[in-house]
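Visitor: I am new to looking at protein structures. Could you pick a single part, take me through it closely, and then show me what lies around it?

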Amino acid sequence: MTQPEPKSTAAEPWPVRVVSQKLGAWVAKLGWVWVDGQVAQISRRPGSTVVFLTLRDPSADLSLTVTAHRDVLDAGAPELSEGARVTLHAKPEFYPARGTLSLRADEIRQVGLGELLARLERLKKLLAAEGLFARERKRRLPFLPQRIGLITGRASAAERDVLMNTRRRWPAVDFRVINVAVQGPTSVPQIIDALEVLDNDDTVDVIVLARGGGSVEDLLPFSDEALCRAVFGARTPVVSAIGHETDAPLVDYVADLRASTPTDAAKRIVPDLAEERQLIESARGRLDRSVIGLLDRETQRIQAWRSRPSLARPELLVDQRAAEVTALRDRSARGLDHRLRRAEDGLRHTLARLRGLSPAATLDRGYAIVQRADGLVVRAADEVKTDDILRVRLAKGELRAGVQEHG
Amino acid sequence: MTDEKLSYEQARTELATVVERLEAGGTSLEDSLALWERGEQLADICQRWLDGARERIDTARAARAEQ
């Protein structure tokens with residue numbers, strides 16, 4: 001790189017050695033760096049003083065080859081095995097002979113459990129500060145999911161626990177299961193991929209992340225920052241069901257719901273069919289009782305109105321008036337009677353007066369009434385002739401007399 | 001409002017009014033008879049509502065029993 005090279009062209013291409021030399025120079029520019037990673041593979045070849053490591057990023061599907069002298073390994077990480085977390089001091093090197101790239105380490109430190117836990121604690125504070133654990137950011141689980149996405153180990157106890165207990169509670173439940181490695185260096189990228197697949201599946205409306213119990217190291221993938229952020233970013237509600245009650249990987253805090261175990265997850269994601277049926281039955285019973293009670297009360301009410309005399313005995317309406325008519329008739333009859341009696345009295349009186357006018361008293365004093373045969377009362381002598389027979393009425397009885405002479 | 005359109009509550013309220021008026025008296029015989037006939041009509045309407053409601057309940061229950 002001391003002098004500017006001519007640009008490569010189709011007419012004048014660079015030979016491999018030139019490209020190789022330039023690559024080596026570029027790679028060397030990075031210099032010494034401290035790297036954090038997980039050992040995916042370690043090969044100590046017999047007779048060789050160089051050890052090869054495959055160093056993975058715990059959160060992503062990326063890896064680098066690391067070479068180190070056996071002494072370097074023995075000094076910093078004598079017990080190093082696959083899956084361990086390491087911090088190493090290395091410099092990238094390009095091997096022109098094969099065109100490969102690797103890191104050459106001059107110091108390797110195995111990260112102990114204490115350090116790992118301290119890192120988790122720092123990450124937890126960071127995520128909490130960013131609001132990934134905020135209660136108000138949690139999404140509600142559907143009451144009855146159409147389809148449940150399950151991310152878990154193949155043929156694992158966790159898988160069986162979730163499937164069996166969920167189906168026991170709600171037999172018609174539907175699952176989409178994606179099996180992943182739940183420990184080891186590949187687990188985080190696999191889980192993140194599965195999460196993305198299920199989150200993009202519109203038929204899945206809740207995702208369960210399940211894993212049985214294990215050592216703190218085994219559960220480390222579930223405290224991975226990238227996984228936590230992926231769970232936080234998912235649109236579908238996520239339930240974490242990792243390990244035992246006492247385990248609390250960071251994803252538990254980010255998940256929308258934390259189930260203490262895979263069995264507990266089953267209880268949280270679907271209602272209990274039998275319980276729900278019973279609730280519906282009892283609600284139905286109360287519904288029936290209330291509506292029938294209402295009907296009974298109303299029926300009684302109508303019956304009460306109907307049995308009131310005014311409605312039940314309409315004949316009373318007529319009877320009352322009939323009684324009035326009878327009373328009036330009586331009154332009118334009584335009135336007529338009275339008038340008749342008065343008329344009779346009047347008659348008697350008149351008769352008495354009539355009787356007062358009779359000639360009987362005069363006859364008693366000796367007078368007589370003389371009548372001709374034709375009934376004429378004789379008042380003058382010339383009203384009769386000789387030999388007429390006259391009728392003489394006395395006070396007591398009467399007699400006939402002949403006219404002898406008159407003058 | 002025609003009788004078919006009367007709700008149960010409307011019919012019941014009118015029935016109560018009719019009975020009160022009948023009991024208060026002071027109406028002509030013709031009016032009283034008309035009131036009584038109206039009361040019978042209203043009581044029938046109420047009863048039909050209640051019978052209909054029971055029938056609907058019985059139907060729903062029968063349907064449930066068949067499930």
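**A close look at one helix**

Guide: Let us begin with helix α5 of chain A, residues 187-199: its 13 residues should span 18 Å at 1.5 Å a residue, and its end C-alpha atoms are indeed 18 Å apart, so the two values agree. Please keep in mind that this is a predicted model.

Now look at how α5(A) is placed. Its buried residues are A:Ser187, A:Val188, A:Pro189, A:Ile191, A:Ile192, A:Ala194, A:Leu195 and A:Leu198. Here is a handy rule for reading such a list: an α-helix has 3.6 residues a turn, so residues three or four places apart point the same way. What covers the buried residues of α5(A)? The cover includes the strands β6 (148-152), β7 (175-179) and β8 (206-211), along with helix α6 (225-233), of chain A.

Stepping back, chain A holds twelve helices and 13 strands. Of its 407 residues, 22% count as buried. If you take the contacts in chain A between residues at least 6 apart in sequence, 61% of them join residues at least 24 apart.

One element of the cover, β6, leads us to a loop. Between β6 and α4 (157-169) of chain A lies A:Ala155. This residue has a phi near 50 degrees, a positive value in a residue other than glycine. For background, most residues other than glycine have a negative phi. A:Ala155 is exposed, because 8 other C-beta atoms lie within 10 Å. A second residue to look at is A:Asp387, found in the loop between β11 (369-371) and β12 (389-393) of chain A. A:Asp387 is not a glycine either, yet its phi is positive, at about 75 degrees. With 8 other C-beta atoms within 10 Å, A:Asp387 is exposed too.

For a contrast with α5(A), turn to α9(A). This helix has 35 residues and reaches 50 Å from its first C-alpha to its last, close to the 51 Å expected at 1.5 Å a residue. The number of buried residues in α9(A) is two of 35, so the helix lies largely in the open.

α9(A) also takes us to the other chain. In total, 14 residues of chain A are in contact with 18 residues of chain B. On the chain A side, the elements giving two or more residues are α9 (273-307), α10 (309-312) and α11 (315-356). The largest share, eight residues, comes from α9(A). By class, this side of chain A has eight nonpolar, two polar and four charged residues.

Let us finish in chain B, where helix α1 (residues 8-24) and helix α2 (residues 29-66) pack at an angle of about 150 degrees, with their axes 9 Å apart. That angle makes α1(B) roughly antiparallel to α2(B). The crossing of α1(B) past α2(B) is left-handed. Among the residues that meet are B:Leu15, B:Val18 and B:Leu22 in α1(B), and B:Leu35, B:Arg38 and B:Leu42 in α2(B). By class, this contact has 13 nonpolar, two polar and four charged residues. Take B:Arg38, which sits in helix α2 of chain B. Its C-alpha atom is separated by 7.6 Å from that of B:Val18, although the two residues are 20 apart along the chain. B:Arg38 counts as partly exposed, because it has 17 C-beta neighbours inside 10 Å.

Technical notes. Residues are numbered from 1 along each chain as its sequence is written. Chains are lettered from A and ligands numbered from 1 in the order in which they are written. This is a predicted model: local features need pLDDT of at least 70, side-chain atom pairs count only at pLDDT 80 or more; totals for chains, interfaces and linings use all residues. Axes are lines fitted to C-alpha atoms, for helices over the stretch in contact, and angles run from 0 to 180 degrees between N-to-C directions. Helices (H or I, at least four residues) and strands (E, at least two) are DSSP runs, numbered from the N terminus. Angles under 35 degrees count as roughly parallel, over 145 as roughly antiparallel, 65 to 115 as roughly perpendicular and the rest as oblique. A crossing is left-handed if the near helix is turned anticlockwise from the far one by less than a right angle, and right-handed if clockwise. Two residues are in contact if their C-beta atoms, placed from the backbone, lie within 7 Å. Ala, Val, Leu, Ile, Met, Phe, Trp, Tyr, Cys and Pro count as nonpolar, Asp, Glu, Lys and Arg as charged, and the others, Gly among them, as polar. The expected span of a helix is 1.5 Å times one less than its number of residues. A residue is buried if 20 or more other C-beta atoms lie within 10 Å of its own, exposed if 12 or fewer, and partly exposed in between; C-beta atoms are placed from the backbone.
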